[in-house]
Amino acid sequence: MSGLFISFEGNDGAGKSTQVEKLALHMRKKGFNVCTLRDPGGTEISEKIRRIILDNANYKMNHMTEALLYASSRCQLVHEKIMPALRAGQVVICDRFVDSSLVYQGIARGLGIETIKQINSFATGGLEPDITFFLHLDPAAGMKRKRVQGELDRMENEKNSFHNKVNQGFEEIMELYPMRIVRLEANEPVGRIAAQIAYCIDTYINERGL
Ligand code: TMP
């Protein structure tokens, strides 16, 4: 398949959406046709599923229900937006993807990485990003940023122990995919992080002659 699929991962409050927009601008300046998306979300149906998942009223949600809803939202996103964009040769930049499910549902919720891989392989047809930027931030600092931004959703409202497991989980996933995932420190100035990401992508593109 042509096109380039880039994802961003990290703890809540790590500043992914800011970096998604900065990278999109960088890529557009280079002449690429860029599509930015978020997971869960990014299509009308997926945004509806997102609201169900994050609604604080749904505190009774079973962990497996949660995992399946993330996978359903992602299935729609892949088939409606990501695959068509990649087939058309576009650069797709996605705020989170399957790695988040491996970490949040597989590790932090304890459902197991293999189970989550299987569900998601069915949902996405095995699609993986070409390159993933993991923005690492101390979980306490991330939640502090989130509280300043407004009301917390169902996932953000989880206990500190859950957010610590997420943080640890991302380190585990990095070890599983060392060739694909690039780790960056999210407490550095926004401009410096953006420059590091732009440098990585430019190198990646040059090496592959894209
Ligand atoms: P966002 O606010 O970064 O868009 O993500 C929404 C929340 O959902 C965030 O707390 C991370 C969580 N999440 C999962 O638990 N599993 C997933 O597969 C994804 C994509 C997000």
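**Pockets and ligand: a quick chat**

Modeller: Let's start with a pocket: the second largest one holds about 170 Å³ of space. Of the 13 residues lining this pocket, the closest to its centre are Val98, Lys117, Leu127, Glu128 and Tyr177. Bear in mind that we're looking at a predicted model.

Colleague: Got it. Which helix gives the most to the lining of the second largest pocket?

Modeller: Two helices each supply at least two residues of that lining, H4 and helix H5 (113-124). By class, the lining splits into 5 nonpolar, 4 polar and 4 charged residues. The top contributor, with 4 residues, is H5.

Colleague: And how much space lies in the largest pocket?

Modeller: This is the pocket whose space the ligand takes. Its lining has 10 nonpolar, 10 polar and 12 charged residues. As for the space in the largest pocket, the figure is about 590 Å³.

Colleague: Which residues lining the largest pocket are closest to its centre?

Modeller: Several helices take part here: helix H1 (16-29), H2, H4, helix H6 (139-149) and helix H8 (190-208) each give at least two residues to the lining. In total, 32 residues line the largest pocket. The ones closest to its centre are Asp12, Lys16, Asp95, Arg96 and Lys146.

Colleague: Now the ligand itself. Which residues are closest to the ligand?

Modeller: The ligand has 14 residues around it. Sorted by class, this shell has 5 nonpolar, 3 polar and 6 charged residues. The closest to the ligand are Asp12, Tyr70, Arg96, Ser101 and Gln105.

Colleague: How far is the polar side-chain atom of arginine 50 from an oxygen atom of the ligand?

Modeller: Let's go through some polar contacts with ligand oxygens. Aspartate 12 puts a polar side-chain atom 2.7 Å from one such oxygen atom, and a side-chain N or O atom of tyrosine 70 is also 2.7 Å from a ligand oxygen. For arginine 50, the distance is 2.9 Å.

Colleague: What percentage of the ligand's accessible area does the protein cover?

Modeller: On its own, the ligand has 480 Å² of accessible area. The share of this area that the protein covers is 95%.

Colleague: Which element gives the largest share of the shell around the ligand?

Modeller: Three elements give two or more residues to this shell: helix H2 (44-54), helix H3 (63-87) and helix H4 (98-108). The largest share is 4 residues, and the helix behind it is H4.

Colleague: Any backbone oddities? Which two residues does the cis peptide bond join?

Modeller: Most peptide bonds are trans, so a cis one is worth a look. Here omega is about 5°, and proline 40 sits in the loop between strand S2 (34-38) and H2. The residues joined by the cis bond are aspartate 39 and proline 40.

Colleague: Last one: what is the phi of arginine 96?

Modeller: Arginine 96 is found in the loop between strand S3 (91-95) and H4. Most residues other than glycine have a negative phi. Arginine 96 is not a glycine, yet its phi is positive, at about 80°.

Definitions and conventions: Residues numbered from 1 in each chain as written. Predicted model: local features only at pLDDT ≥ 70, side-chain atom pairs only at ≥ 80, totals over all residues. Heavy atoms only, no water. Near = heavy atom within 4 Å. Polar contact = N/O pair within 3.5 Å; in protein donor to acceptor, adjacent residues only side chain to side chain. Areas by Shrake-Rupley, 256 points an atom, 1.4 Å probe, with all protein chains shown as cover. 1 Å grid on protein atoms, 1.4 Å probe; cavity = no way out; pocket = protein on both sides within 12 Å on 5 of 7 lines; lining within 4 Å. Sits in = over half its atoms within 2 Å of the grid points. Nonpolar A, V, L, I, M, F, W, Y, C, P; charged D, E, K, R; others polar. Points joined across faces, edges and corners; volume = space filled by probe spheres on them.
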